[in-house]
Amino acid sequence: MPRFAAGVVRFQNNVYPEKQDLFEELSKGQSPEALFITCSDSRVETALITQTEPGELFICRNAGNIVPPHTEHTGGMTASIEYAVAVLKVPHIVVCGHTECGAMKGAMNPEGLCSLPHVRKWLGYSKAAVDIVDSLAPEATEEERMKLLIEQNVLLQLQHLRTHPAVAAALAKGTVELHGWVYDIRTGEVEAFDEAEKRFITVDARYAAQIKELAGQHSCAA
């Protein structure tokens with residue numbers, strides 16, 4: 001804790017003064033560009049990966065970057081998704097999985113979770129992804145199966161997102177876009193699902209047109 005407290009002091013003395021105008025503007029409200037759903041894993045640092053500033057991402061984190069399908073049961077994920085889409089009007093929702101995910105290892109081997117009943121039940125929301133892997137790659141190596149599971153889990157959670165009324169309505173109106181990402185902890189690479197190719201490709205390839213347009217806007221502004 002002393003290290004964390006010292007970090008707060010450095011933030012207050014060094015970082016905050018440099019961004020004071022930003023924080024004063026954020027004190028009036030927020031208008032994030034995306035709802036970013038990712039894993040609680042301490043190795044996944046959203047702002048560092050996306051190079052975003054405070055106020056740009058509305059972040060939900062949990063074990064396995066899971067989105068329970070919509071039901072009448074109210075939970076933290078359900079409420080946060082509803083608020084982000086219906087109130088904040090985020091134009092993008094990202095579900096971001098990652099390599100070496102402990103939750104996905106647990107989903108693949110639920111028999112090892114007997115002493116963690118809540119974790120086991122939570123990972124039941126990834127069961128369909130495990131079944132897909134068992135069907136598509138029964139003879140694959142453990143490493144290959146895990147890579148496929150991480151990807152299939154992201155796609156499954158995107159399906160679950162579509163069952164949430166606020167998301168379904170926004171999709172019907174064309175005011176929100178869904179994105180599936182996988183972050184590689186060791187290499188720093190991020191892959192995004194491409195609907196046209198039906199596979200994960202690097203973000204620079206997936207968003208090539210948008211990145212080019214953004215670069216052009218910055219060039220004009222300069």
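Visitor: Why is Cys 60 called buried?

Guide: In this predicted model, Cys 60 has a relative accessible area of 6%. Buried means under 20%, so Cys 60 is classed as buried.

Visitor: How do you know that Cys 60 is in no disulfide?

Guide: A disulfide is a covalent bond between the sulfur atoms of two cysteines. The sulfur atoms must lie within 2.5 Å to be counted. A search of the whole structure finds zero disulfides. For Cys 60, the nearest cysteine sulfur is that of Cys 39, 13 Å away.

Visitor: What is the nearest cysteine sulfur to Cys 101, and how far away is it?

Guide: That sulfur also belongs to Cys 39, and it is 4.2 Å away. The cut-off is 2.5 Å, and Cys 101 is therefore in no disulfide. Cys 101 has a relative accessible area of 2% and is buried.

Visitor: What makes Lys 89 exposed, and where does Lys 89 lie?

Guide: The relative accessible area of Lys 89 is 56%. Exposed means over 50%, so Lys 89 meets the criterion. Lys 89 is found in the loop between helix 4 (76-87) and strand 3 (92-98). Its phi is near 55°, a positive value in a residue other than glycine.

Visitor: Why does Lys 198 count as exposed?

Guide: Lys 198 has 56% relative accessibility, and the threshold is over 50%, so Lys 198 counts as exposed. The loop between strand 5 (190-194) and strand 6 (199-202) contains Lys 198. Phi of Lys 198 is near 60°, again positive in a residue other than glycine.

Visitor: How do you know that the length of helix 8 agrees with its number of residues?

Guide: Helix 8 covers residues 142-161, and its 20 residues should span 28 Å at 1.5 Å a residue. The end C-alpha atoms are 28 Å apart, so the two values agree.

Visitor: Why is helix 8 described as largely enclosed by the rest of the structure?

Guide: Of its 20 residues, 15 are buried, so the description follows.

Visitor: Which residues have the most contacts inside the largest nonpolar core?

Guide: They are Leu 35, Ile 37, Ile 81, Ile 93 and Leu 161, in a core of 43 residues. Helix 8 gives the largest share of this core, nine residues. Leu 161 touches Ile 37, Val 67, Ile 81, Ile 93, Val 95, Val 167 and Leu 178, leaving aside residues up to four places away in sequence. A second, separate core has eleven residues, including Phe 36, Val 44, Trp 181 and Tyr 183.

Visitor: What makes the aromatic pair of Phe 11 and Phe 23 edge-to-face?

Guide: The search of the whole structure finds eight aromatic pairs. For Phe 11 and Phe 23, the distance is 5.8 Å centre to centre, with 85° between the planes. Centres must lie within 6.5 Å, and planes over 60 degrees apart count as edge-to-face, so both conditions are met. Phe 11 lies in helix 1 (residues 2-18) and Phe 23 in helix 2 (residues 20-26), so the pair ties together parts twelve residues apart in sequence. Ring pairs link Phe 11, Tyr 16 and Phe 23 into a cluster.

Visitor: Why do Phe 11 and Phe 23 count as partly exposed?

Guide: Phe 11 has 33% relative accessibility and Phe 23 has 21%. Buried means under 20% and exposed over 50%, so Phe 11 and Phe 23 count as partly exposed.

Visitor: Why is the pair of Trp 122 and Tyr 125 edge-to-face?

Guide: Their ring centres are 5.5 Å apart and their planes stand at 85°, so the pair is edge-to-face. Trp 122, at 23% relative accessibility, counts as partly exposed, and so does Tyr 125, at 33%.

Notes: Residues are numbered from 1 along each chain as its sequence is written. This is a predicted model: local features need pLDDT of at least 70, side-chain atom pairs count only at pLDDT 80 or more; totals for chains, interfaces and linings use all residues. Side-chain values use heavy atoms; hydrogens and water are left out. Helices (H or I, at least four residues) and strands (E, at least two) are DSSP runs, numbered from the N terminus. Buried means under 20% relative accessible area, exposed over 50%, partly exposed in between (1.4 Å probe, protein chains only). The expected span of a helix is 1.5 Å times one less than its number of residues. Rings of Phe, Tyr and Trp (its six-membered ring) pair if their centres lie within 6.5 Å; planes under 30 degrees apart count as stacked, over 60 as edge-to-face and the rest as tilted. A nonpolar core is a set of buried Ala, Val, Leu, Ile, Met, Phe, Trp, Tyr and Cys residues joined through side-chain atoms within 4.5 Å. Contact means heavy atoms within 4.5 Å.
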